[in-house]
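Here is a short tour of how some helices pack against each other, followed by a look at the ligand site. Have the structure open beside you as you read.

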Amino acid sequence: MITTFQQHILHQQREVPYASGDFSWLLSGLTLAAKMIEAKIRCAGLCNIVGTAGQTNIQGETQQKLDVFANEALLHCLGVRDCVAALVSEENDEPVTFDRPPGEGKYVIVFDPLDGSSNIDVNVNVGTIFSIYRRKEDERSSGLDSVLQPGNCQVAAGYVLYGPSTMLVYTAGRGVYGFTLDPTIGAFVLSHDRMQMPERGKYYSCNEANAAQFPEHYRSYLEDLRISKAGQEYSSRYIGSLVADFHRTLLKGGVFLYPPTAGHPEGKLRLLYEANPLALIAEQAGGLAINGDEAILNLQPRGIHQRTPLVVGGRSEVERFLDLIREPQLAR
Ligand code: P6P
């Protein structure tokens, strides 16, 4: 008998205090937007939805038409739900806030509507990444306080991977679950129950074209992996689409790294809507996620578009990275 995402949420609702009907109503907005985005991506080459929208976003990046569509779909489907107090998107300079009746507006959602969108024109996997927080109740907190919460305050997080199949991978802090979109019934169906990241894998994933710019200890670590110093043969895999590279790491183990570079001394990836949600998924699946020396989930965000270095993967690979920092002589 199949279990849909909606059934899973309703079942979990009985076990966790905060997941009132609001929570499943909120998540239905997310899955509706995901299906709208998926439908556009599936016909990308045919319905004049590829290519650029002729404008740039806050990141100064050229927006793809699908970026704009995905962002608007999420803003609409989530914004019409009274339980949403604010939305933060990679595509918007500032948070989008809503005036809600007293007692409403319990949640804040941050998302990257279409990560890796530059890959669409070459038919490579792209993804939507999201995090859900409770709005801070105390009267002293400004709206921004609710948005700038550390990753360990997430009540749920996950991503949608638009690939050969479309998958929703999700955690509410009680394990990681994967749901595959069944196009014949238009529902996300449980396909990966209680996902666990292998303690050790055989892939490392990093854009090595930037290696000359990496801090020394990153270069030593990569050399360590290449010569299988830790006794494990590794192959390199890098798609250049974060959700796809992370999803492979979740399923197969190994490690994904985006180190600081000359162009991005703070790292390229975003803390709020890329590193934090993936770090929660990784840790819930038994893996680790650090910014090079401390846990991603413990970082106190300073700004909604703040960047961070990211090293995420199996416990063995990430602890090896930390060992090399603490005892550089290990790398010789
Ligand atoms: P680079 C895509 O633009 C993205 O934000 C992530 O999806 C991906 O991991 C990264 O950038 C790739 O960056 O510098 O290797 O092209």
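In this predicted model, helix α2 and helix α3 (residues 65-79) pack with their axes 8 Å apart, at an angle of about 155°. Angles over 145 degrees count as roughly antiparallel, and α2 and α3 are therefore roughly antiparallel to each other. Their crossing is right-handed. On the α2 side, the meeting residues are Leu26, Gly29, Leu30, Leu32, Ala33, Met36, Ile37, Lys40 and Ile41, and on the α3 side they are Leu66, Phe69, Ala70, Ala73, Leu74, Cys77 and Leu78. Sorted by class, this contact of α2 with α3 holds 14 nonpolar residues, 1 polar residue and 1 charged residue.

Helix α2 has another neighbour to look at. Helix α1 (residues 5-13) packs against α2 (residues 21-42) at an angle of about 160°, and the two axes are 10 Å apart. That angle makes α1 roughly antiparallel to α2. Here too you can check the handedness: α1 passes α2 in a right-handed crossing. From α1, the contact draws on Phe5, Ile9, Leu10 and Gln13, while α2 contributes Gly21, Ser24, Leu27 and Thr31. The contact of α1 with α2 has 4 nonpolar and 4 polar residues, with no charged ones.

Next comes a pair further along the chain. How do α5 and α8 cross? The axes of helix α5 (residues 216-226) and helix α8 (residues 315-326) come within 10 Å and cross at roughly 130°. That crossing angle makes α5 oblique to α8. The crossing of α5 past α8 is right-handed. In α5, His217, Tyr218, Tyr221 and Asp224 make the contact, and their partners in α8 are Glu317, Val318, Arg320, Phe321, Leu324 and Ile325. The residues of this contact of α5 with α8 split into 6 nonpolar, 1 polar and 3 charged.

Now for the ligand. Which residues lie around it? They are Asp115, Gly116, Asn207, Tyr238, Gly240, Ser241, Leu242, Tyr258, Lys268 and Glu274. Some of these residues make polar contacts to ligand oxygen atoms, and the table sets out three of them.

| Residue | Protein atom | Ligand atom | Distance |
|---|---|---|---|
| Tyr238 | polar side-chain atom | oxygen | 2.5 Å |
| Tyr258 | polar side-chain atom | oxygen | 2.6 Å |
| Leu242 | polar backbone atom | oxygen | 2.8 Å |

If you are setting up an interaction analysis, note which part of each residue takes part: Tyr238 uses a polar side-chain atom, and so does Tyr258, whereas Leu242 reaches a ligand oxygen through a polar backbone atom.

Terms used: Residues numbered from 1 in each chain as written. Predicted model: local features only at pLDDT ≥ 70, side-chain atom pairs only at ≥ 80, totals over all residues. Heavy atoms only, no water. Axes fitted to C-alpha atoms, helices over the stretch in contact; angles between N-to-C directions. Helix = DSSP H or I, 4+ residues; strand = E, 2+ residues; numbered from the N terminus. Parallel < 35°, antiparallel > 145°, perpendicular 65-115°, else oblique. Left-handed = near helix turned anticlockwise from the far one by under 90°. Contact = heavy atoms within 4.5 Å. Nonpolar A, V, L, I, M, F, W, Y, C, P; charged D, E, K, R; others polar. Near = heavy atom within 4 Å. Polar contact = N/O pair within 3.5 Å; in protein donor to acceptor, adjacent residues only side chain to side chain.
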